[in-house]
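Grab a pencil and keep the viewer open. Here is a set of exercises to work through, each with a solution underneath.

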Amino acid sequence: MIFIVVKFKVKPDWSERWLGLVDGFTQATRAEPGNLWFDWSRSVDDPNEFVLVEAFKDDAAGDHVNSTHFKQAMADMPQALAETPRIISRQRDGDGWDRMGELTI
């Protein structure tokens with residue numbers, strides 16, 4: 001799978017509107033056949049930082065970045081961003097989350 005984490009630093013006046021701005025993109029991406037997950041979180045230390053954790057089946061990431069909704073999101077997002085997003089993108093074995101061995105319930 002392709003595992004991706006992206007940090008988005010938004011302008012303060014967009015922090016309460018960010019999730020609304022990206023909602024269509026989020027819903028369309030989650031509906032893609034190769035999407036494993038696409039989850040947003042907000043930093044507990046910085047209310048203007050949002051973190052996107054996403055994963056795709058190996059052959060689906062290309063389709064994702066070439067989709068109409070991805071291209072539209074790339075056009076819509078800059079107005080709300082304070083800086084270029086930071087990303088980690090890695091190919092990993094597996095197709096889902098593993099259990100944490102250090103803390104078993």
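The exercises below go from the overall fold to salt bridges, pockets and surface, and they all rest on a predicted model.

**Exercise 1. Work out the layout of the chain: how many helices and strands does it have, and in which pattern do they follow each other?**

Step 1: Count the elements. You should get four helices and four strands.

Step 2: Read along the sequence and write them down in turn. The pattern is β-α-α-β-β-α-α-β.

Step 3: Put a box around the C-alpha atoms along the principal axes. Its dimensions come out at roughly 40 × 35 × 20 Å.

Step 4: Check the burial. Of the 105 residues, 37% count as buried.

**Exercise 2. Find the partner of Lys9 in a salt bridge, and say which parts of the chain the pair ties together.**

Step 1: Look for a carboxyl oxygen by the Lys9 side chain. The partner is Asp46, with 2.3 Å between the closest N and O atoms.

Step 2: Place both residues. Lys9 belongs to strand β1, while Asp46 sits in the loop between β2 (35-42) and β3, so this bridge links parts that are 37 residues apart in sequence.

Step 3: Sort the two by accessibility. Asp46 has a relative accessible area of 16%, and buried means under 20%, so Asp46 is buried. Lys9, at 24%, counts as partly exposed.

Step 4: Keep the total in mind. This pair belongs to a structure that holds six salt bridges.

**Exercise 3. Now take Arg17 and Arg86: which acidic residue does each meet, and how exposed are the partners?**

Step 1: Start with Arg17. Its side chain meets that of Asp13 in a salt bridge, 3.7 Å from N to O.

Step 2: Compare the accessibility classes. Arg17 is partly exposed at 41%, and Asp13 is exposed at 51%.

Step 3: Go on to Arg86, which is found in strand β4. Its side chain pairs with Glu83 at 3.6 Å, N to O.

Step 4: Classify this pair too. Arg86 has a relative accessible area of 41% and is partly exposed; Glu83, at 37%, is also partly exposed. Through shared partners, salt bridges join Glu49, Glu83 and Arg86 into one network.

**Exercise 4. Describe the largest pocket: what is its volume, which residues are closest to its centre, and what classes of residue line it?**

Step 1: Get the volume, which is about 250 Å³.

Step 2: Go to the middle. The lining has 18 residues, and those closest to the centre are Val6, Phe8, Phe70, Met74 and Ile87.

Step 3: Trace the lining back to the fold. The elements giving two or more residues are β1 (2-9), β3 (49-56), α3 (61-65), α4 (68-76) and β4.

Step 4: Tally the classes. There are 15 nonpolar residues, one polar and two charged.

**Exercise 5. Do the same for the second largest pocket: which residues line it, and how do they divide by class?**

Step 1: Take the volume, about 200 Å³.

Step 2: List the lining. You should have Met1, Phe3, Trp37, Arg92, Asp93, Gly96, Trp97 and Asp98.

Step 3: Sort them. Four are nonpolar, one is polar and three are charged. Gly counts as polar, so Gly96 takes that single polar place.

**Exercise 6. Find the nonpolar surface patch that includes Met100, and then look at Gly101.**

Step 1: Collect the members. Met100, Leu103 and Ile105 make a nonpolar patch of about 410 Å².

Step 2: Locate Met100, which lies in the segment after β4 (86-91). Gly101 lies in the segment after β4 as well.

Step 3: Classify Gly101. Its relative accessible area is 62%, and the cut-off for exposed is over 50%, so Gly101 is exposed.

**Exercise 7. Set separation along the chain against distance in space for three C-alpha pairs.**

Step 1: Try Arg86 and Val5. They are 81 residues apart in sequence and 8.3 Å apart in space.

Step 2: Try Gly101 and Arg90. These are 11 residues apart along the chain, with 22 Å between them.

Step 3: Finish with Leu81 and Gly96. They are 15 residues apart along the chain and separated by 30 Å. Leu81 is in the loop between α4 and β4, and at 15% relative accessibility Leu81 counts as buried.

Conventions:
Residues are numbered from 1 along each chain as its sequence is written. This is a predicted model: local features need pLDDT of at least 70, side-chain atom pairs count only at pLDDT 80 or more; totals for chains, interfaces and linings use all residues. Side-chain values use heavy atoms; hydrogens and water are left out. Patches are made of residues with over 30% relative accessible area and no salt bridge: like charges are joined within 9 Å, nonpolar side chains (Val, Leu, Ile, Met, Phe, Trp, Tyr) within 5 Å. Accessible areas come from the Shrake-Rupley method with a 1.4 Å probe; for residues, only the protein chains shown count as cover. A salt bridge is a side-chain nitrogen of Lys or Arg within 4 Å of a carboxyl oxygen of Asp or Glu. On a 1 Å grid over the protein atoms alone, a cavity is a set of points where a 1.4 Å probe fits but cannot get out, and a pocket is an open set with protein on both sides within 12 Å along at least five of seven lines; lining residues have an atom within 4 Å of a point. Grid points are joined across faces, edges and corners, and a volume is the space filled by probe spheres set on the points. Buried means under 20% relative accessible area, exposed over 50%, partly exposed in between (1.4 Å probe, protein chains only).
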